[in-house]
Amino acid sequence: QRVLCGSSALSAPLARLEAAQKGKGQPVQKVRVQDKVFCMAGSLTPQTIGQTAYMKEKGYPVFTLDTRRIFDETEKKAEEERLWEAIRQVYETGDFAMIHSMNTPEEVEETKRIAALRRIDNTQVSSLVSSVLSEISQRAIRHFHIRRIIVCGGDTSASLCARLGVTGMKVLEEIEAGLPTCESVNEPHYRMVLKSGSFGSREFVEKAWNTLLLETRE
């Protein structure tokens, strides 16, 4: 594949060129579609914590994974079923659900303390949290045939993509600086927003949700 490398300033004239080419054809319009969107947040950065809090404040259905319960297999299964039931009920009548890991300093420290008693270090804890979040997310995505997904957190994004069998992405359009929508290159084609935990405005998840529901038609 040909890859253009160099200054980021190259993107400006390339964007103008693409816009000019589109302008020669039929007018392009954005059409809102009715579809389910799933969101998962596993990052503990202030930006993602703020984005999660914003979605709760706006009244969106947001559910918290109790990370203190993921070290015992029986408790982990019970916690997964609790979240699954909450998600299932939402999607029976609604079109959006979000899950995230515990993110207050007290909850995070308690999780680490429990892990330390089991000789599990912080890196392993992070991987385990991502794995549990991804397992629950995969179940919801496949059960409800969801094709529009938002993920907050780099490791969390990698974990979910691996579970869904996503091997590559086509970049579509930018929502905010450095945060585009993408589409998986292999089937089924997922429309996704995968963001680093430290990126995005407080309203970003809501913006991403609205963007994922828009389709370009000529």
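Modeller: Let's start with a yardstick: the expected span of a helix is 1.5 Å times one less than its number of residues. Helices here are DSSP runs of H or I with at least four residues, strands are runs of E with at least two, and both are numbered from the N terminus. One caveat is that this is a predicted model, where local features need pLDDT of at least 70, side-chain atom pairs count only at pLDDT 80 or more, and totals for chains, interfaces and linings use all residues. Residues are numbered from 1 along each chain as its sequence is written, and side-chain values use heavy atoms, without hydrogens or water.

Biologist: Fine. How do you know that the length of H4 agrees with its 13 residues?

Modeller: At 1.5 Å a residue, H4 should span 18 Å, and its end C-alpha atoms are 19 Å apart, so the two agree. H3 does well too: its 21 residues reach 31 Å from first C-alpha to last, close to the expected 30 Å.

Biologist: What makes one side of H4 the buried one?

Modeller: Buried means under 20% relative accessible area, exposed over 50%, and partly exposed in between, using a 1.4 Å probe and protein chains only. Val108, Thr111, Ile114 and Ala115 are the buried ones in H4. They cover an arc of only 125° around the axis (taken from the directions from the helix axis to the C-beta atoms), which puts them on the same side of H4. They pack against H5, while Pro105, Glu106, Ala116 and Leu117 are exposed on the other side.

Biologist: And why do you say the buried residues of H3 line one face?

Modeller: Same test. The buried residues of H3, including Trp84, Ile87 and Val90, fall within an arc of 165° seen down the axis, so they line one face of the helix. Their cover includes S2, S3, S4 and H5. Turned away from that side are the exposed Thr74, Glu92 and Thr93.

Biologist: What makes a group of residues a nonpolar core?

Modeller: It's a set of buried Ala, Val, Leu, Ile, Met, Phe, Trp, Tyr and Cys residues joined through side-chain atoms within 4.5 Å. The largest has 33 residues, and Phe38, Ile87, Ile99, Ile141, Ile149 and Leu164 have the most contacts inside it. H5 gives the largest share, seven residues. There is also a second, separate core of 21 residues, with Val33, Val37, Cys39 and Leu179 among them.

Biologist: Why is Ser184 called buried?

Modeller: Its relative accessibility is 1%, which is under the cut-off, so Ser184 counts as buried. Ser184 sits in S7, and a polar atom of its side chain lies 3.3 Å from the backbone oxygen of Pro188.

Biologist: What makes that pair a polar contact?

Modeller: The rule asks for N or O atoms within 3.5 Å; within protein, one must be able to donate a hydrogen and the other to accept it, and residues adjacent in sequence count only if both atoms are side-chain atoms. The 3.3 Å between Ser184 and Pro188 is inside that distance limit.

Biologist: Last one: is Met192 buried or exposed?

Modeller: Buried, because its relative accessible area is 0%. Met192 is in S8. Contact means heavy atoms within 4.5 Å, and beyond its neighbours within four places in sequence, Met192 has contacts including Ile149, Cys161, Leu164 and Leu212. Cys161 is 31 residues away along the chain, with 10.0 Å between the two C-alpha atoms.
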